[in-house]
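Reader: I'd like a close look at one part of this molecule, the pairing between two neighbouring strands. Could you start there and then work outwards to the rest of the chain?

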Amino acid sequence: MEYYRCGKILTTHGIKGDVKVQVFSDFNRFEKGSRIYIKHQEEYIPVNVSHSTDFGKYLLVHFEGINDCNLVKKYHLDDLYITEEDRIDELQEDEYYYSDLIGLPVFNQEGIERGIVKEIKELPQCDYLYITYKGKNFYVPFLNEFILEVSDKIVLKEVEGLFYEN
């Protein structure tokens, strides 16, 4: 079974088993009844969301059957995952799963290869593709002004200085 990271437990909150979660998904994975997997010591532990509420830029999440902070303390800094089955969403045009972008080759508008997407960085202004090219790392804004095509490769509009070489 394939798992996709969707969040991270940062800390417990209160005495009733709530956890503060940093979310890594543009989709709401933490609705009541959602199945989530806690990756704890290389094991994926299934849990169902009882409820969640906004908490600044984080979520407070409560899992069914875990009603004591002592029961969730051991999951401190553990990652949260969903499976392929849980991942089925109605993607809109120009929406992508980050995991589908990672590893794609990147080409400019002339068809010249410009590297491989290593990860996606979420920054306040927008998301960036973190691309490695000729042993160097580059950030490219994941915006329509730069991204011309996403398929089995990414084609971008290369502007002067984007892939500078010394």
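Author: Tyr37 stands opposite Pro46, which belongs to strand 4. That facing pair is part of the ladder between strand 3 and strand 4, which run antiparallel and are joined by six bridges. Two strands count as paired here when DSSP finds at least two bridges between them. The strands themselves are DSSP runs of E with at least two residues, helices are runs of H or I with at least four, and both are numbered from the N terminus. Please keep in mind that this is a predicted model, in which local features need pLDDT of at least 70 and side-chain atom pairs need 80 or more, while totals for chains, interfaces and linings use all residues. Residues are numbered from 1 along each chain as its sequence is written, and side-chain values use heavy atoms, with hydrogens and water left out.

Follow the chain from strand 3 (35-40) towards strand 4 (43-55) and you pass through a loop that holds Gln41. The phi of Gln41 is near 50°, a positive value, and Gln41 is not a glycine. For background, most residues other than glycine have a negative phi. Gln41 counts as exposed because its relative accessibility is 68%; the cut-offs are over 50% for exposed, under 20% for buried and in between for partly exposed, using a 1.4 Å probe and protein chains only.

Now step back to the sheet around this pair. Strands 3 and 4 sit in a six-strand barrel whose order is 1-2-5-4-3-6, with antiparallel pairing. Neighbouring strands in the barrel are turned against each other by 50° on average, direction ignored. Such angles are taken between axes, which are lines fitted to C-alpha atoms (for helices, over the stretch in contact), and run from 0 to 180 degrees between N-to-C directions.

The chain also forms a second sheet, and a useful comparison with your starting point is waiting there. This one is open, with six strands in the order 10-9-8-7-12-11 and mixed pairing. Strand 10 (136-141) and strand 11 (147-150) are the edges: each has a single partner strand, so one side of each has no neighbour in the sheet. From one strand to the next, the twist averages 35°.

At one edge, strand 10 pairs with strand 9 (residues 127-133) in the antiparallel sense over six bridges. Here Tyr128 stands opposite Pro141, a residue of strand 10. Pro141 counts as buried, because its relative accessibility is 12%. Leaving out residues up to four places away in sequence, Pro141 touches Cys126, Asp127, Tyr128, Phe146 and Ile147, where touching means heavy atoms within 4.5 Å. For a sense of distance across the model, the C-alpha atoms of Pro141 and His51 are separated by 34 Å, and the two residues are 90 apart along the chain.

Thr132 is in strand 9 too. Thr132 counts as partly exposed because its relative accessibility is 22%. Apart from neighbours within four places in sequence, Thr132 is in contact with Arg114, Gly115, Ile116, Lys118 and Asn137. Glu145 is 13 residues away from Thr132 in sequence, and their C-alpha atoms are 21 Å apart.

Between strand 9 and strand 10 comes a loop with Lys134 in it. Lys134 has a positive phi of about 50° although it is not a glycine, and with a relative accessible area of 60% it is exposed.

At the other edge, strand 11 pairs with strand 12 (residues 154-156) in the antiparallel sense over three bridges. A hairpin of three residues joins the two strands, and Val150 has Ile154 in strand 12 as its bridge partner.

Finally, the whole chain. The protein has two helices and 12 strands, which run β-β-β-β-β-α-β-α-β-β-β-β-β-β from the N terminus on. Its C-alpha trace spans about 60 × 35 × 30 Å along the principal axes. Of the 166 residues, 39% are buried. Of the contacts between residues at least 6 apart in sequence, 50% join residues at least 24 apart.
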